[in-house]
Amino acid sequence: MELNRRLSEMSGALPGSPKSLGDAALDRCLREHREFGSDSALPVFCQRQMALYVTFDGGLQDVARKWDEALTAKGWQGSLAPLPPGSGYTAERYDYVDPVTDDYLVITMISDQQSLPLLSNEQYFEGAAQHRREYRPFGDRQAAESALSGRHHVAEISLIRTYFSEGPRPRPPY
């Protein structure tokens, strides 16, 4: 599948030789909620989301800066993204868009076990009903816990492609 190939190619170009822990997949369709029952039906959009989980060494912000430089050199446009309000997670999250393909890349980097819930391969779109067509979660959480215990960091590198949309494509942050 082209999305898998692109994710593998892109993650392989990241500095610091991150080591793979596993992957995940999500295929879903979403429809925004209607505010009132009399409102007409709102647009539907469907997305395929593939994620790689990697471990890496170095300072979280230093590695994030190096990865940002590498992605920017490949044409990705991005910035620091918000974490859930009041979450208290020790993490960094970055959202990128490829202006040519309109693909999205979300990188979440964590440094402690309390932040593991961020590695869900599911960006949340507020105000939308979701129907999962396929969901394969990251299956080796124990490997991530072990890496974090060994003073390594863990990242979820998630590539999202909207393959059907009745209206404008949604843009992160979700």
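One disulfide is present in this predicted model. The bond joins Cys29 to Cys46, with an S to S distance of 2.0 Å. Cys29 belongs to strand S1 (residues 19–32) and Cys46 to strand S2 (residues 44–56); the two cysteines are 17 residues apart, and the pair links distant parts of the chain. The link of Cys29 and Cys46 is right-handed, with 105° about the S-S bond. Cys29 has a relative accessible area of 14% and is buried. Cys46 is also buried, at 6% relative accessibility.

**Arg48 in strand S2**

Strand S2 also holds Arg48. Is the arginine Arg48 buried or exposed? Its relative accessible area is 12%, and since buried means under 20%, Arg48 counts as buried. The side chain of Arg48 makes a polar contact of 2.6 Å with the side chain of Glu134. Glu134 also appears among the residues in contact with Arg48 once neighbours within four places in sequence are left aside. The other residues in that set are Met1, Leu3, Ala25, Leu26, Asp27, Leu159, Ile160, Arg161 and Tyr163.

**Two isoleucines in strand S5**

Strand S5 covers residues 104–110 and includes Ile107. Ile110 is in strand S5 as well. Ile107 is buried, with 2% relative accessibility. For Ile110 the relative accessible area is 0%, and this residue is buried too.

Which residues does Ile107 touch, not counting those up to four places away in sequence? They are Trp67, Leu71, Glu92, Arg93, Tyr94, Tyr96, Glu156 and Ile157. One of these, Ile157, lies 50 residues from Ile107 along the chain, yet the C-alpha atoms of the two are separated by 4.6 Å.

With residues up to four places away in sequence again not counted, Ile110 touches Leu60, Thr90, Ala91, Ser115, Leu116, Leu118, Leu119, Leu148, His153 and Val154. From C-alpha to C-alpha, Ile110 and Arg93 are 8.8 Å apart, with their positions 17 residues apart in sequence counted as their separation.

**Accessibility of the residues described**

| Residue | Relative accessible area | Class |
|---|---|---|
| Cys29 | 14% | buried |
| Cys46 | 6% | buried |
| Arg48 | 12% | buried |
| Ile107 | 2% | buried |
| Ile110 | 0% | buried |

Definitions and conventions:
Residues numbered from 1 in each chain as written. Predicted model: local features only at pLDDT ≥ 70, side-chain atom pairs only at ≥ 80, totals over all residues. Heavy atoms only, no water. Disulfide = S-S within 2.5 Å. Helix = DSSP H or I, 4+ residues; strand = E, 2+ residues; numbered from the N terminus. Buried < 20%, exposed > 50% of the residue type's maximum accessible area, 1.4 Å probe, protein only. Polar contact = N/O pair within 3.5 Å; in protein donor to acceptor, adjacent residues only side chain to side chain. Contact = heavy atoms within 4.5 Å.
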